[in-house]
Amino acid sequence: MLTRELLPVPLTPGGRLDINSGVARLSGKIWATLWKDDRRPAGTAVLIVHPSSNFIGHYALEELASRGVAAVGLATRYAGNDSALIMENCVLDVGAVIRHLRELGYDRIVLVGNSGGGGLAALYQAQAENPTITHTPAGDPADLTVAGLIPADRLVMAMAHPGRAVVYTEGLDPAITDEHLPFDRDPDLDMFEPANGPVYSPEFVTRYRQAQIGRNRRITDWTLQQIEALRSQTRGSEAPDDLPFVVHGTAADPRFLDLTLDPSDRIARTIWGSPWVANFLPASLGHLTSLRSWLSQWSYDRSRANAYRELPGVQAPVMVVYGSADCAAFPSHARGMYDAVGHQRRELVEIKGADHYFQGRPDLAATMCDHIVEWAG
């Protein structure tokens, strides 16, 4: 018989006020859901993570538990609000849950980074095996070397991209030349300009990708300047050390419209609908952020949650599972993460016909769960 319980997990303080809810801060807890078969003794736990999505109700939990493992879905301290998210604190949240599961008697932990959780899971495992980080990219204390992070036994990248900063930069609209005027656009770098495509030429794509990285780096330079400037804004002994800001145009990846780029079975769209609308929609990726969160979460050069960079040092076995119809995590993401693993205890699995959320295909979601449980060993 499957049962479900809510796990209150002690929160490891992050040292900054970056959670709006006083109730959440003062509770001193993060939360996870544990699905299990009470007829089975504690053994293997599969933990599914994401930096900001609330995975307490993740679609795979019951399916995994029905296959004989405990299935755990995490809600980090930033669940539902990534505007001030610090990736290093998300690592602490994952570590707190893994420690709690060990204390409950689970002797094998499989860490699953789903969707935007891929970069977080890779960063967690790399730091748990060989901790090196002592500060956030903004220079705030975040000493993972003394956090007692417990490595997972196996790692799974499930329908995942390599990291928020990577996929964000791949969607950053380079046609925006003034950060305050999103509709004053450079037609030579506009993927929505019919003269450019689709289909987009290799020359256009090369210029476009370079310009996307350039825009990300300009925003990074600006955030560093603003953090420095805040030091002069003192009143008595106090000074603000962070500011919010808006980023327009974050769903402008040419692959959303041109199916010849990174070919797959996907349809031409984003997970939020039309690319042109999603590009400006507040509910799509990373429009609202802060100076310090930008450096930790979205900066192409500064964010550490990058599976391409972290997986080469990971010693645990790694499986990468991707869907052939996914329009958010592309085949090149999966292949790039698989190739980044520095050993042969790895596996690359394609689920034919699966989109990012397995919409209308619970049979394919079940197939992913079969692969994860088999990989759990």
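This section describes an open sheet and two helices, H3 and H4, in a predicted model. Residues are numbered from 1 along each chain as its sequence is written. Because the model is predicted, local features need pLDDT of at least 70 and side-chain atom pairs count only at pLDDT 80 or more, while totals for chains, interfaces and linings use all residues; side-chain values use heavy atoms, with hydrogens and water left out.

The sheet is open and consists of 8 strands in the order S1-S2-S4-S3-S5-S6-S9-S10, with mixed pairing. Strand S1 (2-10) and strand S10 (346-351) are the edge strands, each pairing on one side only. From one strand to the next, the twist averages 20 degrees. Helices (H or I, at least four residues) and strands (E, at least two) are DSSP runs numbered from the N terminus, and two strands pair if DSSP finds at least two bridges between them.

Strand S3 (residues 44-49) runs parallel to strand S4 (residues 70-75), to which 4 bridges join it. Val 46 has Ala 71 in S4 as its bridge partner. The pairing of S3 with S5 is also in the parallel sense, over 6 bridges, and Ile 48 stands opposite Val 112 in S5. S5 and S6 run parallel and are joined by 5 bridges; the bridge partner of Gly 113 in S6 is Met 157. Of the 7 residues of S5, 6 are buried, where buried means under 20% relative accessible area, exposed over 50% and partly exposed in between (1.4 Å probe, protein chains only).

Helix H4 (residues 117-129) lies across S3, strand S5 (108-114) and strand S6 (154-158), at about 145 degrees to S5. Axes are lines fitted to C-alpha atoms, for helices over the stretch in contact, and angles run from 0 to 180 degrees between N-to-C directions. Contact means heavy atoms within 4.5 Å.

The axes of helix H3 (residues 87-103) and H4 come within 10 Å and cross at roughly 70 degrees. H3 is therefore roughly perpendicular to H4 (angles of 65 to 115 degrees; under 35 counts as roughly parallel, over 145 as roughly antiparallel and the rest as oblique). The contact involves Met 87, Cys 90, Val 91, Val 94, Gly 95 and Ile 98 of H3, and Leu 120, Leu 123 and Tyr 124 of H4. These residues divide into 8 nonpolar, 1 polar and no charged. Ala, Val, Leu, Ile, Met, Phe, Trp, Tyr, Cys and Pro count as nonpolar, Asp, Glu, Lys and Arg as charged, and the others, Gly among them, as polar.
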